[in-house]
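Here are some notes to read alongside the structure, for someone meeting it for the first time. Keep the view open and follow the points in order.

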Amino acid sequence: MNKKTVIIVVSAVVIIVSIIAVIYVFRSPDTNGITSKPDYVMPSDSLVAYFDKNEDAANKLYNEKIIQVKGIVAEITKDSASYNIVLRDNNATEGVSCTTGSDQLEKAKSVAIGKIVEIKGICFGKNLIDVSLNKCAIVEK
Amino acid sequence: MCLKIKIIIIGLLFFSQFGFSQNRYFTKTGTIYFMSHTDAIDIDGTNKQVVSFLDIKTGEMVFGVLVKSFEFTLATASEHFNETYMETHLYPKASFKGIIKDIQKIDFSKPGKYDVVVEGSLTIHGVTKEVSEKGTLDVKENEIEASSSFQVSINDYKITVPKLVEARVAKIVDVKVNLTYKPYQK
């Protein structure tokens with residue numbers, strides 16, 4: 001292999017690696033709802049109760065785990081990329097706030113206040129009033 | 001206890017509760033944006049799930065932020081931010097609890113912009129520091145917009161950056177807070 005060929009091959013490798021690195025760093029974050037099986041399944045009010053009882057212990061147990069909760073829809077808000085669905089029992093002041101993945105917009109349209117739904121998402125902890133689940137997927141039965 | 005006294009007590013309890021709820025404002029869609037600017041790279045993140053209460057009678061202000069809820073322009077920044085710098089598995093929440101000074105000088109019945117000073121305890125990465133920052137309250141018909149821009153020193157909150165990437169993370173981070181409060185209904 002002559003010197004010219006070596007330079008061309010090395011240059012090509014450097015360019016390809018650079019392109020892959022740029023794509024990796026600037027890739028769009030995955031915003032879809034999770035598809036994996038849940039680590040825990042429980043009623044939404046039980047998850048809230050665990051955090052109320054001992055937030056530190058609940059953080060250790062549930063944070064960054066996939067939780068599937070079932071509860072009554074109390075609030076629905078929508079932005080351009082996701083729905084936020086709050087599951088909260090009647091007369092309760094705290095609930096589970098579920099931010100859906102961007103692929104859940106169609107499914108979320110069928111969710112209505114007062115209906116009972118099952119949703120799974122990644123637990124980020126409790127934020128003053130609600131336990132937060134993210135990248136949520138609506139579970140179809 | 002005679003019926004008349006019972007009615008008075010129930011009435012007082014009702015009106016005290018009613019009055020209290022009218023003073024409390026709330027949001028759970030507040031925004032915190034931060035920018036770490038260095039010559040090597042700009043890293044910015046936005047959290048649109050900030051929960052906050054404001055009591056316009058006492059000036060009490062509290063907000064909570066789940067650190068994991070920050071979204072980044074650079075996908076790889078999220079991993080480093082949560083795992084290496086903020087250690088969200090140990091410290092999932094950042095919070096502020098404080099007071100708006102001289103809140104009684106603001107006429108909340110009259111729309112308008114008011115410059116304010118907020119003082120209180122800011123907890124980030126498990127470290128609590130007393131802070132005092134300037135901000136603005138924009139009183140509107142049925143909502144209050146609160147905003148503030150300030151800087152946070154990562155050393156103050158014991159956030160350590162590996163030597164290898166030290167030049168890529170700013171020591172002083174610019175932070176912008178925007179909260180749109182509505183009357184708290186519960």
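1. Let's begin with a loop: between which two strands of chain B does B:His125 lie? The loop holding B:His125 joins strand 6 (112-124) and strand 7 (127-139) of chain B. Bear in mind that this is a predicted model. In it, B:His125 has a phi near 55°, a positive value in a residue other than glycine. B:His125 has 18 C-beta neighbours inside 10 Å, so it counts as partly exposed.

2. There's another spot like this to look at, B:Glu87. Its phi is positive, about 45°, although B:Glu87 is not a glycine. You'll find B:Glu87 just after helix 2 of chain B, in the loop that leads from that helix to strand 5 (93-100) of chain B. B:Glu87 is partly exposed too, with 16 other C-beta atoms within 10 Å.

3. Now step back into helix 2 of chain B itself, which spans residues 75-85. Which of its residues are buried? They are B:Ala77, B:Phe81 and B:Tyr85. Looking down the helix axis, you'd see the buried residues fall within an arc of 45°, so they line one face of the helix. Turn to the other side of helix 2 and you meet B:Glu79 and B:Glu83, which are exposed. As for what covers the buried residues, strand 2 (42-55) and strand 4 (71-72) of chain B are included.

4. A quick overview of chain B helps to place all that. The chain has 2 helices and 9 strands, and from the N terminus on they run α-β-β-β-β-α-β-β-β-β-β. Chain B is 186 residues long, and 26% of them count as buried. Take the contacts in chain B between residues at least 6 apart in sequence: 59% of them join residues at least 24 apart.

5. Over to chain A, where the domain assignment gives domain 1 (1-30) and domain 2 (40-138). How many Å separate the centres of these two domains of chain A? Taken over C-alpha atoms, the separation is 43 Å.

6. Strand 5 of chain A (residues 116-127) deserves a look. Of its 12 residues, 10 are buried, so the strand is largely enclosed by the rest of the structure. On strand 2 of chain A (residues 66-78), 7 bridges reach across to strand 5, and the two run antiparallel. As one place to check, A:Ile66 stands opposite A:Ile122 of strand 5.

7. Strand 5 of chain A also pairs with strand 6 (residues 130-138) of chain A, again in the antiparallel sense and over 7 bridges. Here A:Gly125 has A:Ser132, in strand 6, as its bridge partner. The two strands make a hairpin with 2 residues between them. In that turn, A:Leu128 has a positive phi of about 65°.

8. Last, the nonpolar core. The largest one has 57 residues, and A:Ile85, A:Val96, A:Ile119 and A:Leu133 touch the most other members. What does A:Ile119 contact, leaving aside its neighbours within four places in sequence? Its contacts are A:Val69, A:Ile85, A:Cys98, A:Leu133, A:Cys136, A:Ile138 and A:Val139.

Key: Residues numbered from 1 in each chain as written. Chains lettered and ligands numbered in written order. Predicted model: local features only at pLDDT ≥ 70, side-chain atom pairs only at ≥ 80, totals over all residues. Buried ≥ 20, exposed ≤ 12 C-beta atoms within 10 Å, placed from the backbone. Helix = DSSP H or I, 4+ residues; strand = E, 2+ residues; numbered from the N terminus. Arc of directions from axis to C-beta. Contact = placed C-beta atoms within 7 Å. Pairing = 2+ DSSP bridges. Domains from an automatic or database assignment. Core = buried A, V, L, I, M, F, W, Y, C linked by C-beta atoms within 7 Å.
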